[in-house]
Amino acid sequence: MTRQTIYQHFGEDEKAFVDKAKDIQRQVEDYYSLQLTDFLNPRQLQVMRTVLGQSFLQTFSSGDFFKSEYARLLIAPDHYVFASEDFEISLIEIVYHSKFNQLTHAQIMGSLINKLGIERQIFGDILVGDGRAQFFVKANMAAYFINTIKKIGRVGVTLKEVPFHEQLQLSAKAQEQDILVSSMRLDAILATSLKISRSTALKLIEAEKVKVNYATVSKPALELVLGDMLSIRGFGRLTLTRDKGFSKSGKHKLIIDRIAH
């Protein structure tokens, strides 16, 4: 299958990532070697696996072994025998005085990206529970994180590597919600789902606080489809799960799954 044929199955903004997947495929096939990606979001994992699914290569996602949303993908020739350590991932615990402080996902994310100046694909999920916090990181970066991060916000912290069986098990329960919208436009669904005005929804989009399938969007008129997942900073997430047809007034009757912030 040619790249032009493959491109037809993906959005315009995903072509560069499709090219990356094809280049990885070529490297594994040409050199018969193992390739390991950065941490990928679920959409990137789907694209990568769809492209590589046209080959005879093996793929393994770390998210299938260490429950997580962001994951590293192993791409291997057919002779490869799987070993979980080949994911080269470390689990880091953030130790702090939780009696007086409660670290948030946003605070941790800000420290990892803004203070250290690293890119998002260097680390995976950030797990935050009652008085505890952890995150996944590339194994070769673990020591740097441990030795560098001494504060998150105003909270003094100590980082340490912990075994995977100590991973925090978090369960975010989605709530079903029926909505009635005049169109499948992003701004319309945002306003109705979050119970905010259309102008407020527009401001969220303009401020780059809205992602669709993990990609930041800037077009209020973007047409959504079933299965699309929206992340709205400060509000949480919602997924368009079911279409119940049209109301008598011609509006879309949808069911969404929403996880509040």
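Two strands are taken to pair if DSSP finds at least two bridges between them, and the strands themselves (E, at least two residues), like the helices (H or I, at least four residues), are DSSP runs numbered from the N terminus. The model on screen is predicted, so local features need pLDDT of at least 70 and side-chain atom pairs count only at pLDDT 80 or more, whereas totals for chains, interfaces and linings use all residues. Residues are numbered from 1 along each chain as its sequence is written, and side-chain values use heavy atoms, with hydrogens and water left out.

**First stop: strand β3**

Select residues 73-76, which form strand β3. Leu73 and Ile75 point to one side of this strand, while Leu74 and Ala76 point to the other. These four residues are all buried, where buried means under 20% relative accessible area, exposed means over 50%, and partly exposed lies in between (1.4 Å probe, protein chains only). Now add residues 58-61, strand β2, which pairs with β3 in the antiparallel sense over four bridges; within this pairing, Thr59 has Ile75 as its bridge partner. Adding residues 35-36 brings in strand β1, which runs antiparallel to β3 and is joined to β3 by two bridges. Here Ile75 appears again, as the bridge partner of Gln35.

**Second stop: the six-stranded sheet**

Move next to the open sheet of six strands, whose order is β10-β15-β14-β13-β11-β12 and whose pairing is antiparallel. Strands β10 (175-181) and β12 (215-216) stand at the edges with a single partner strand each, so one side of each is left without a neighbour in the sheet. To inspect the β12 edge, select residues 210-212, strand β11, which pairs with β12 in the antiparallel sense over two bridges, and look for Val212, which stands opposite Ala215.

At the other edge, show the side chains of Lys244 and Asp178, which meet in a salt bridge (3.2 Å, N to O); the term requires a side-chain nitrogen of Lys or Arg within 4 Å of a carboxyl oxygen of Asp or Glu. Lys244 lies in β14 and Asp178 in β10, so the pair ties together parts that are 66 residues apart in sequence. Lys244 is partly exposed, at 44% relative accessible area, and Asp178 counts as exposed at 53%.

**Third stop: helix α6**

Select residues 186-194, helix α6, which lies across β10, β11, β13 (229-232), β14 (236-246) and β15 (252-260) and runs at about 125 degrees to β10. Such angles, from 0 to 180 degrees, are taken between the N-to-C directions of axes, which are lines fitted to C-alpha atoms, for helices over the stretch in contact; contact means heavy atoms within 4.5 Å. Eight of the nine residues of α6 are buried, among them Ile189 and Leu190, and what covers the buried residues includes α7 (198-206) as well as β10, β11, β13, β14 and β15. Just after the helix comes Lys195, whose phi is positive, near 60 degrees.

**Last stop: a network around Asp187**

Of the ten salt bridges found in the whole structure, finish with those of Asp187, which counts as buried at 5% relative accessibility. Asp187 forms one with Arg185, the closest N and O atoms being 2.8 Å apart, and another with Arg198, at 3.2 Å between the closest N and O atoms. Asp187 belongs to α6 and Arg198 to α7, so the latter pair ties together parts that are eleven residues apart in sequence. Through shared partners, salt bridges join Arg185, Asp187 and Arg198 into one network, in which Arg185 is partly exposed at 27% and Arg198 is partly exposed at 40%.
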